[in-house]
Amino acid sequence: MPRYALKLEYDGAPFAGWQRQADQPSVQGAVEAALAALEADVPSIAAAGRTDAGVHATGQVAQCDMTRDWDPFRLSEALNWHLKPAPVAVLACARVPDDWHARFSAIERRYTYRVICRRAPLVHDRGQAWLVKQPLDVAAMRAAARHLVGLHDFTTFRAVHCQAQSPVKTLDEVTVEEIARPDAQEIRFHLRARSFLHNQVRSIVGTLERVGAGAWAPSDVATALAAADRAACGSVAPPEGLYLTGVGYPRDVFG
């Protein structure tokens, strides 16, 4: 069965997450329904990462096995037709070797988290960013983020029901970017690693927000990390600001 890689973009708001569920809408369910409209008995698909309810993606990668030898462009066009009106789009499609795997072949995941600071409610960005009512100190958050880069025990920033075998991960990048806009202060947190623990990104962003608001000192983040205790974490940022923006492989299959 020919195997294809799909680069996907989706709005996570109407979904209960990536993973298919019997009684709730999911991104996986939407993509598999579109595939089923093209071929009967398409095997279950796999993704590079299982995003939670409300989490978005601009660069999720999934794999599917088809019976027919589809032209990748025609497959992506057909899927986009059958995905309507779900807020999911196939951005690119590529034929890949049979032993390639969207999850296990990946060597890097990239996430971005959006925070918008202003008093007024969000209108155009509603459901697409975390609304924080006061300005945040970007320099302080950058100083705090430096404590998290590298190989660490991230128990403090791990969900209690995380199923990863070890809390030890290498965080390759945490950058804090301030976006100029006339109506608000927008801050984007960019994180990069081979893999992440469950809720790790949202836990880190929620903790850095405490630093930006002046409730924590940058050094408090190092103390919380060293505690290896979930109770030492700051608040967990809500899902609507989080985006899976990219997945890296030894060879760019979409290049």
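Start by selecting D125, which at 16% relative accessibility counts as buried. The model on screen is a predicted one.

**Stop 1: D125 and its partner**

With D125 still selected, add R114: the two side chains meet in a salt bridge, 3.2 Å from N to O. This pair links distant parts of the chain, with R114 in strand β5 and D125 in the loop between β5 and β6, eleven residues apart. R114 counts as buried, its relative accessibility being 11%.

Next, select R181 and E186. They form a salt bridge whose closest N and O atoms are 2.7 Å apart. R181 is partly exposed, with a relative accessible area of 22%, while E186 counts as buried at 3% relative accessibility. Now extend the selection to R114, R118, D125, R181, D183, E186 and R188, which are joined into one network by salt bridges that share partners. The search of the whole structure finds 15 salt bridges.

Another of them is between R110 and E108, where the closest N and O atoms are 2.6 Å apart. R110 counts as partly exposed because its relative accessibility is 29%, and the partly exposed class lies between the limits of 20% and 50%.

**Stop 2: aromatic rings**

The count of aromatic pairs comes to five. Select Y113 and W130 to see an edge-to-face pair, with 6.3 Å from centre to centre and 90° between the planes. Y113 lies in strand β5 and W130 in strand β6 (residues 130-132), so the pair ties together parts that are 17 residues apart in sequence. Both Y113 and W130 are buried.

Two rings with a charge over them come next. Select R68 and W70: R68 lies over the face of W70, at 4.0 Å from the ring centre. Then select R95 and Y4, where the charged end of R95 sits over the ring of Y4, 5.9 Å from its centre.

**Stop 3: the largest pocket**

Which residues lie nearest the centre of the largest pocket? Select A48, G49, R50, R103 and F196 to find that place; the lining as a whole has 38 residues. About 1,200 Å³ of space lies in this pocket.

To see which elements contribute, colour β2 (46-47), β5 (108-117) and α4 (200-212), each of which supplies at least two residues of the lining. Of the elements, α4 gives the most to the lining, with three residues. By residue class, the lining of the largest pocket divides into 17 nonpolar, 14 polar and seven charged.

**Stop 4: backbone exceptions**

Most residues other than glycine have a negative phi, and most peptide bonds are trans. The last three selections depart from that pattern.

Select K84 and P85: a cis peptide bond joins them, with omega about 5°. P85 is found in the loop between α2 (72-83) and β4 (88-96).

Select D41, whose phi is near 60°, a positive value in a residue other than glycine. D41 is placed in the loop between α1 (27-36) and β2. At 74% relative accessibility, D41 counts as exposed.

Finally, select N199. Is N199 buried or exposed? N199 is buried, with a relative accessible area of 16%. This residue has a positive phi of about 70° although it is not a glycine, and N199 is found in the loop between β9 (185-193) and α4.

Notes
Residues are numbered from 1 along each chain as its sequence is written. This is a predicted model: local features need pLDDT of at least 70, side-chain atom pairs count only at pLDDT 80 or more; totals for chains, interfaces and linings use all residues. Side-chain values use heavy atoms; hydrogens and water are left out. On a 1 Å grid over the protein atoms alone, a cavity is a set of points where a 1.4 Å probe fits but cannot get out, and a pocket is an open set with protein on both sides within 12 Å along at least five of seven lines; lining residues have an atom within 4 Å of a point. Grid points are joined across faces, edges and corners, and a volume is the space filled by probe spheres set on the points. Helices (H or I, at least four residues) and strands (E, at least two) are DSSP runs, numbered from the N terminus. Ala, Val, Leu, Ile, Met, Phe, Trp, Tyr, Cys and Pro count as nonpolar, Asp, Glu, Lys and Arg as charged, and the others, Gly among them, as polar. Rings of Phe, Tyr and Trp (its six-membered ring) pair if their centres lie within 6.5 Å; planes under 30 degrees apart count as stacked, over 60 as edge-to-face and the rest as tilted. Buried means under 20% relative accessible area, exposed over 50%, partly exposed in between (1.4 Å probe, protein chains only). A charge sits over a ring if NZ of Lys or CZ of Arg is within 6 Å of the ring centre and within 35 degrees of the ring normal. A salt bridge is a side-chain nitrogen of Lys or Arg within 4 Å of a carboxyl oxygen of Asp or Glu.
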